[in-house]
Amino acid sequence: GAATRDRLRIAIQKSGRLAEPARKLLAACGLSWRESRDKLFCYGESLPVDLLLVRDDDIPGLIADGVCDLGVVGRNELDEQAGARAQIGLPQAYRELRALGFGQCRLMLAVPEDWEWTGPEQLRGKGLRIATSYPSILVGWLQEQQIDAQVVELSGSVEIAPRLGTAELICDLVSSGATLKANQLKPVETLLESEAVLAGPAGGFDDARAALAQMLLRRMDGVLQVRERKLLMFNADRDALPALERLLADAGPLVQLPSVNGSLALQAMCEGAVSWQQLEELERAGARQLMVLGVERSLA
Ligand code: ATP
Ligand code: MG
């Protein structure tokens, strides 16, 4: 569907794990919408960028068919459907434009807890059945590992398959591992590291949407770059400086601000979150009045 359009249409999950963070990210990029009554389509107000609220499974297909221009979807879903398209000889229709830093999970092989795991080669020649919702990624991995297992495709509740006797092991998404544990399974091999991604058409755009997409990507980069960045501020005596600098070796340079009544006022930019434990270590090394501030946006 190569129809020319002057508005950009982005598909996001209607409800579920990726719905809220996707909306928040797009809102942080300066987008706002007038919501329709049925809430399937949100008309863009601040920019000609509309939202389509759908099931995450539908997003790759909507981009492939040109119904949507961009989509926020798990890499697991995108890769699975790309693999399925390739298997039936369809051309690549979409690509990952950005990794978005939320919705992290792993596609993992999990076996009954009481199995002793020595490696994938122990599955060879056993004629085992593996339940999964990701058959194309699993089949690819099995071929790589030269394992001749039978893939049992299930659309949900994969983790109960071993108890039901429909498969001996499973291949499923894992984040905390609690679901596996509750089903007496343990994760043993990672097939894919996944997170939410921004997906777009393999070919790009050749009308007004090109400039819109470019602007959105630039703003998104600005949001993503500072998302985890924290400004750390504190006071300390001069003789504590070497120890504090050692503790902050991974952060940006320790900046000295004009000092107040003898003690130094210091600040450092940290690329990741600053934990309570790090703050307590800094305090023991002589830092006082510690404060961690979030960074909202920046233009490089
Ligand atoms: P939909 O109704 O949209 O099809 P769903 O049940 O398929 O919803 P969710 O469970 O909301 O989808 O998961 C959406 C995405 O969140 C997954 O495709 C995956 O990329 C990511 N995700 C992160 N952690 C997990 C997890 N522990 N289990 C499943 N998905 C996870
Ligand atoms: Mg789904």
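This dialogue goes through some features of a predicted model and how to read them.

Reader: Where do I begin with a chain like this one, and which domains does the assignment give?

Author: Begin with the parts. The domain assignment gives domain 1 (8-102 + 195-226), domain 2 (105-194) and domain 3 (230-294). Domain 1 is written as two stretches of sequence, 8-102 and 195-226. Between the C-alpha centres of domain 1 and domain 3 there are 39 Å.

Reader: How do I read a helix, and what span should helix H7 have?

Author: Count its residues and compare the expected span with the model. Helix H7 covers residues 209-226, which is 18 residues, so at 1.5 Å a residue a span of 26 Å is expected. The end C-alpha atoms of H7 are 26 Å apart, in agreement with that. Helix H3 (residues 75-87) can be read likewise: its 13 residues reach 18 Å from the first C-alpha to the last, close to the 18 Å expected. After H3 comes glycine 89, with a positive phi near 80°.

Reader: Which residues of H7 are buried, and what covers them?

Author: A general idea helps here. An α-helix has 3.6 residues a turn, so residues three or four places apart point the same way. In H7 the buried residues are Arg209, Leu212, Ala213, Leu216, Leu217, Met220, Gly222, Val223 and Val226. Their cover includes strands E1 (8-13), E4 (49-54), E5 (70-74), E6 (94-99) and E12 (196-201), together with helix H1 (19-28). In H3, the buried residues are Arg75, Asn76, Glu77, Leu78, Glu80, Ala82 and Arg85.

Reader: How do I read a metal site, and which residues are the protein donors of the magnesium ion?

Author: Look for the protein atoms that serve as donors and read their distances. For the magnesium ion (ligand 2), the protein donors are Asp56 (OD) and Asp57 (OD), at 2.0 to 2.1 Å. Aspartate 57 has 31% relative accessibility, so it counts as partly exposed.

Reader: And ligand 1: how many residues surround it, and which are closest?

Author: There are 14 residues around ligand 1, and the closest are Arg55, Asp56, Asp57, Asn76 and Ser175. Next, look for polar atoms. A polar side-chain atom of asparagine 76 is 2.6 Å from an oxygen atom of ligand 1. For arginine 55 the corresponding distance is 2.7 Å. The side chain of glutamine 13 has an N or O atom 2.8 Å from an oxygen atom of the ligand. Asparagine 76 is also one of the buried residues of H3.

Reader: Is glutamine 122 buried or exposed?

Author: Compare its accessibility with the cut-off, which is under 20% for buried. Glutamine 122 has a relative accessible area of 18%, so it is buried. Glutamine 122 sits in the loop between strand E7 (105-112) and strand E8 (129-132). Its contacts beyond four places in sequence are Trp115, Glu116 and Trp117. A polar atom of its side chain lies 3.1 Å from the backbone oxygen of glutamate 116.

Reader: Where is arginine 5, and what does it touch?

Author: Arginine 5 lies in the segment before E1. At 18% relative accessibility, arginine 5 counts as buried. Beyond four places in sequence, arginine 5 touches Gly66, Val67, Asp69, Asp207, Ala208 and Arg209. One of these, Arg209, is a buried residue of H7. A polar side-chain atom of arginine 5 is 2.8 Å from the backbone oxygen of glycine 66.

Reader: How far is glutamate 45 from serine 32 in sequence and in space?

Author: They are 13 residues apart in sequence and 5.6 Å apart in space, C-alpha to C-alpha. Glutamate 45, in the loop between strand E3 (41-44) and E4, touches Ser32, Trp33 and Arg34 among residues more than four places away. Its relative accessibility is 47%, so glutamate 45 counts as partly exposed.

Definitions and conventions. Residues numbered from 1 in each chain as written. Chains lettered and ligands numbered in written order. Predicted model: local features only at pLDDT ≥ 70, side-chain atom pairs only at ≥ 80, totals over all residues. Heavy atoms only, no water. Donors = N, O, S within 2.8 Å, 3.2 Å for Na, K, Ca; no water. Buried < 20%, exposed > 50% of the residue type's maximum accessible area, 1.4 Å probe, protein only. Domains from an automatic or database assignment. Helix = DSSP H or I, 4+ residues; strand = E, 2+ residues; numbered from the N terminus. Expected span 1.5 Å × (residues − 1). Contact = heavy atoms within 4.5 Å. Near = heavy atom within 4 Å. Polar contact = N/O pair within 3.5 Å; in protein donor to acceptor, adjacent residues only side chain to side chain.
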